[in-house]
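User: I would like to go through the labels attached to this model one at a time, setting each value against the criterion behind it. Please take the questions in turn.

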Amino acid sequence: MAGDNKRTVAFERKGAARLVRGAACYADDLQLPDTAYASFVRSSAARAKISRLDLTSARRSPGVLAVVAFADIMGDIRPIRGPEGPLANCLIYPLPQSEVHYVGQPLAVAVAESRYQAQDAADAVDIEYDLRPAVLDPEAALEAEAPLVFAELASNVVQEVHISSEGVDKAFSEADHVISERLRTQRIAACPLEPRACAAVFDAASGRYTVWTSTVTIHAVRQQIAEVLGVKENRVRVIAPDVGGSFGGKVHPYPEEILVAYLAKRLHRPVKWVETRIEHLTNVRHGRDQIHYVQAAVRSDGRIMALKSKIIADFGATTRFINSLPAAALYSTGAYDIQCHQVDAFGVLTNKTPQGPVRGIGKADAAYVIERFMDIVARQLNLDPAEIRMKNFVREDAFPYRTATGSMLDSGRYPTCLRKALDLAGYEELRKEQAELRKKGVLRGIGMCLVIEPTSAARRGQGGGYGACRVRMEPSGTVSAFPAYGHQGQGHQTAIARIIADRLSLLSDDVEVFAGDTAESPYGSSAISSRSAVTLMPAVDVAATLLRDKILRIAAHVLEIAPGDLRLETGLVRAVGAPERELGLRQITRIAYIDTYRLPPGLEPGLEVTGYFTAPNIIWEPDERGRRNEFVAVPYEAAVAVVDVDPATGRFSTVRYVAVHDCGTTLVPEIVETQHYGSIAQGLGEALFEELRYDQDGQPLNSTFMDYLLPTVNDIPLIETGHMVTPSPFTPLGAKGGGETGTLGPPAALGNAIEDALAPLRVKIRERPYTSDRLWKAIHQEAS
Amino acid sequence: MAHLAVTVNGQERAADIEPRLLLVHFLRDELKLTGTHIGCVVGRCGACTVLWKKRPVKSCMVLAIQTHQTEIITIEGLSRDERLHPLQEAFLKSDAVECGYCTPGMVMSAYGLLLKKPNASGDDIKRAISGNLCRCTGYVNIVKAISSTLAQGKYPAVRE
């Protein structure tokens, strides 16, 4: 923060000291006296009727307190309806009535005195399934005669987006070249290191529930628990204690949170549940898994005159609205000026784990597709991949720029950013080097991309678009801050404290942040969609400014000086131009809280305010063509990857990865830098090996960290970064949000680099991740 | 039930436990040492790393009873009162901590390296933490923190 000039010590993130000591309190670390443990029984069938569910022997298992399935809870719970659209016809219960829709779906829950006893009891539940053929291929599931995932619906298509500009067909009929491709993103999981976990107590005397849960969305979880249990939401308090990462996985309510609260009441005891990693990989909402058919009308100089996109997203057995579909559809033209565009997108049910957000949701799919496609077009026209991008980028003087879907690109310098990344990588030299190496038989490839990652989503029926924070100056002059939601490792406390300290002339250490508790946080969204820098921090700024103004009004009244002639300094207010006239902050707080008769007439007591910030550029209502703007700001990143592929093994190694990032004004540069590395690492995992696979019966083929691989330290190449700052005109602090952009680059840049390396063999790479067996097969099929 | 007597962070602890009890659950649930975390229970993520007989092990891969009459050090044993271990200080100074869930395991793996090889190279550092997953940081600052501690060359030996 530019204004925080009081910082003299080396950077240290607020609140991190307790984490390095092992003194944090994640949900499983809670020590509630007399806690009972829950363990879930989960479906081992992808699509089946439950023909027998026998809880008898489970209920006899040692230490068991309860084993419940749908029939045991149906009298106490209420179903909720799915979101607007076809899913509104579904009644959703936390445990299924008679049919299961994916492997891993919770079927029943056992509670016992200890963790191990709970699991023993869950294992003793006897289930028989009447198996039905699983619906697994989203394209086949689109067909009219396809079996239905949810019998109560007319079709497996539960969400659609159609936007078209004028003249698309004409542009295609006049095109020099029409180039088409099918590209697919694989199914992945968020995999925060801390699995989900929750604990609940019910206080019978007050009728109140308290639920501690490892969630990002405290308010939404409270709402849903109240709705399903049929209680008023003010009887449910949801607290997110320390949360060990989310990356989308801990967003929105899950059935386990509702059932743990329910069981705490039923058993008159605290109940705790901790997700295993197998449960995580089969239950945490999955991401990506989209098929894109993309077709371009291209002029011979490489200018793209029109684009058609058809998107089929595999939603799994979702009962929720999935933001990935509109996000992918709205940004399918990427960073390019393609005003002639038609997009048709379909969200399709299958018998797989339900989808949800994963870092980069939807925008990651769109960015991957358009960035791979630019290279495919360039290769076909024999153009340099940098040249075709430069030819098609949105011009730097065209911002704010509205795409053909109505989406607003707030600010950006795309050509400059790519140029900077190419210069940092030494692009000309790299090409020369590549030519030399090719002569020696080394398959070196250079790939690039420029990805955009719009942030702070707001959508009709889904909320978002504003931030909220309450701040209170305590009698001592220190400040307590209550943002609308908590954090999962992003470092919000540091940014919040800096903003408040700056506006109120305090030290960051004088500001304490209390987050993630519905009893004290203002209502609001959550940290999803990189929203915090974009809408929460401006709300913090508003609140701190309101507080400062009130302090100055009180001082003005006492000192009989106009507020405009006063300045807030450390611990006091002083008259500008008359430095001997001052009033201590403690005197002011005393007037605000104790000697309120000294307040200016009409001014209410107290020094506690709530600040709101509403994003000014959301367009909620689609126009007649379906165009709208759902995101506030658009950070972006250019990446250049250099790889060597070994044709004998199919392995590739990343020689260099250069990334130039622009997330607008950076509130805490150190935090942005750290998060940027992690963001890129997650994208590397997606490019290298992360893929959730299913067999023909819908059985997950990888559901532990032995077979679903996350990148280790050895998988991270040398990452060279550069930064640019192009402030967003739509956020008062200029920040665009920096948490997700880096994730989008590696699948595109590495895919392009690998294909470039294999160009002498004319091998095409259209599937990801880029595992050695996939590359080997591609190389050898082509050769044979 | 089996009787377990074990020294944890310099203190003698005893309990009657189920033979199947994992060390990580013994530490967390019986001794309330919740700084040791659980991320996968297949020995892959390293969040549960502790020192057993002065070597880093994944405590989800060890039965508590196997540690009978031996010595364990957990993250809680690394700092002394208010004073952090230099490794912990370095994690803070290098901004190597985001959500913090992998941090104790990461620190314990690094601590194991420090004890074994005070002159460890960059490759040694990578090898030492290659069994510890972090989803937040991309490892860059973690490696930085460990190298800077090694470069300082002063850190207390294992607590006897």
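The exchange below moves from whole chains to helix pairs and then to single residues.

User: Before the details, what kind of model is this?

Analyst: This is a predicted model, and the values discussed here are computed from it.

User: What makes chain A as compact as a globular protein of its length?

Analyst: The radius of gyration of chain A is 28 Å, and the globule rule gives 28 Å for 784 residues, so chain A is as compact as a globular protein of that length. Its C-alpha trace spans about 90 × 75 × 50 Å along the principal axes, and its secondary structure comes to 20 helices and 35 strands. Buried residues make up 58% of the 784 residues, and among contacts in chain A between residues at least 6 apart in sequence, 79% join residues at least 24 apart.

User: How do you know whether chain B is as compact as a globular protein of its length?

Analyst: Chain B, with five helices and five strands, follows the pattern β-β-α-β-β-β-α-α-α-α along the sequence. Its radius of gyration is 15 Å, close to the 15 Å that the globule rule gives for 160 residues, so the description as compact as a globular protein of that length applies to chain B. The C-alpha trace of chain B spans about 45 × 30 × 25 Å along its principal axes, and 56% of its 160 residues count as buried.

User: Which elements of chain A give two or more residues to the side that touches chain B, and which gives the most?

Analyst: The contact takes 47 residues from chain A and 45 residues from chain B. On the side of chain A, the elements giving two or more residues are helix 1 (17–20), helix 4 (115–123) and helix 18 (669–688), and helix 18 of chain A gives the most, with seven residues. By class, the residues on that side of chain A divide into 25 nonpolar, 13 polar and nine charged.

User: Why are helix 16 and helix 17 of chain A called roughly perpendicular?

Analyst: The axes of helix 16 (residues 531–559) and helix 17 (residues 585–593) of chain A come within 10 Å and cross at roughly 95°. Angles of 65 to 115 degrees count as roughly perpendicular, and the crossing therefore makes helix 16 of chain A roughly perpendicular to helix 17 of chain A. Ile551(A), Ile554(A) and Ala555(A) of helix 16 make the contact with Ile588(A), Ile591(A) and Ala592(A) of helix 17, which by class gives six nonpolar, no polar and no charged residues.

User: Why, then, are helix 2 and helix 3 of chain B called oblique?

Analyst: Helix 2 (residues 86–93) and helix 3 (residues 103–116) of chain B pack at an angle of about 125°, with their axes 10 Å apart. The roughly perpendicular range is 65 to 115 degrees and roughly antiparallel starts over 145; an angle of about 125° falls under neither, and helix 2 of chain B and helix 3 of chain B are therefore oblique to each other. Their crossing is right-handed. Leu87(B), Gln88(B) and Phe91(B) in helix 2 meet Thr103(B), Val107(B), Ala110(B), Tyr111(B) and Leu114(B) in helix 3, a contact with six nonpolar, two polar and no charged residues by class.

User: How do you know whether Val8(B) is buried, partly exposed or exposed?

Analyst: Val8(B), in strand 1 (residues 2–8) of chain B, has 19 other C-beta atoms within 10 Å. A residue is buried at 20 or more and exposed at 12 or fewer, so Val8(B) is partly exposed. Leaving aside neighbours within four places in sequence, Val8(B) is in contact with Arg13(B), Leu31(B), Ile72(B) and Thr74(B).

User: What makes Ser529(A) and Ser530(A) count as buried, and what is the phi of each?

Analyst: Ser529(A) has 29 C-beta neighbours inside 10 Å, and Ser530(A) has 30 other C-beta atoms within 10 Å. The cut-off for burial is 20 or more, so Ser529(A) counts as buried, and so does Ser530(A). Ser529(A) lies in the loop between strand 27 (511–513) and helix 16 of chain A, as does Ser530(A). Phi is about 70° for Ser529(A) and near 45° for Ser530(A). Most residues other than glycine have a negative phi.

User: Where is Pro400(A), and what kind of peptide bond joins Phe399(A) to it?

Analyst: Pro400(A) is found in the loop between helix 12 (385–392) and strand 20 (401–402) of chain A, and a cis peptide bond with omega of about -10° joins Phe399(A) and Pro400(A).

Notes: Residues are numbered from 1 along each chain as its sequence is written. Chains are lettered from A and ligands numbered from 1 in the order in which they are written. This is a predicted model: local features need pLDDT of at least 70, side-chain atom pairs count only at pLDDT 80 or more; totals for chains, interfaces and linings use all residues. Axes are lines fitted to C-alpha atoms, for helices over the stretch in contact, and angles run from 0 to 180 degrees between N-to-C directions. Helices (H or I, at least four residues) and strands (E, at least two) are DSSP runs, numbered from the N terminus. Angles under 35 degrees count as roughly parallel, over 145 as roughly antiparallel, 65 to 115 as roughly perpendicular and the rest as oblique. A crossing is left-handed if the near helix is turned anticlockwise from the far one by less than a right angle, and right-handed if clockwise. Two residues are in contact if their C-beta atoms, placed from the backbone, lie within 7 Å. Ala, Val, Leu, Ile, Met, Phe, Trp, Tyr, Cys and Pro count as nonpolar, Asp, Glu, Lys and Arg as charged, and the others, Gly among them, as polar. The radius of gyration is taken over C-alpha atoms; the globule rule is 2.2 Å times the number of residues to the power 0.38.
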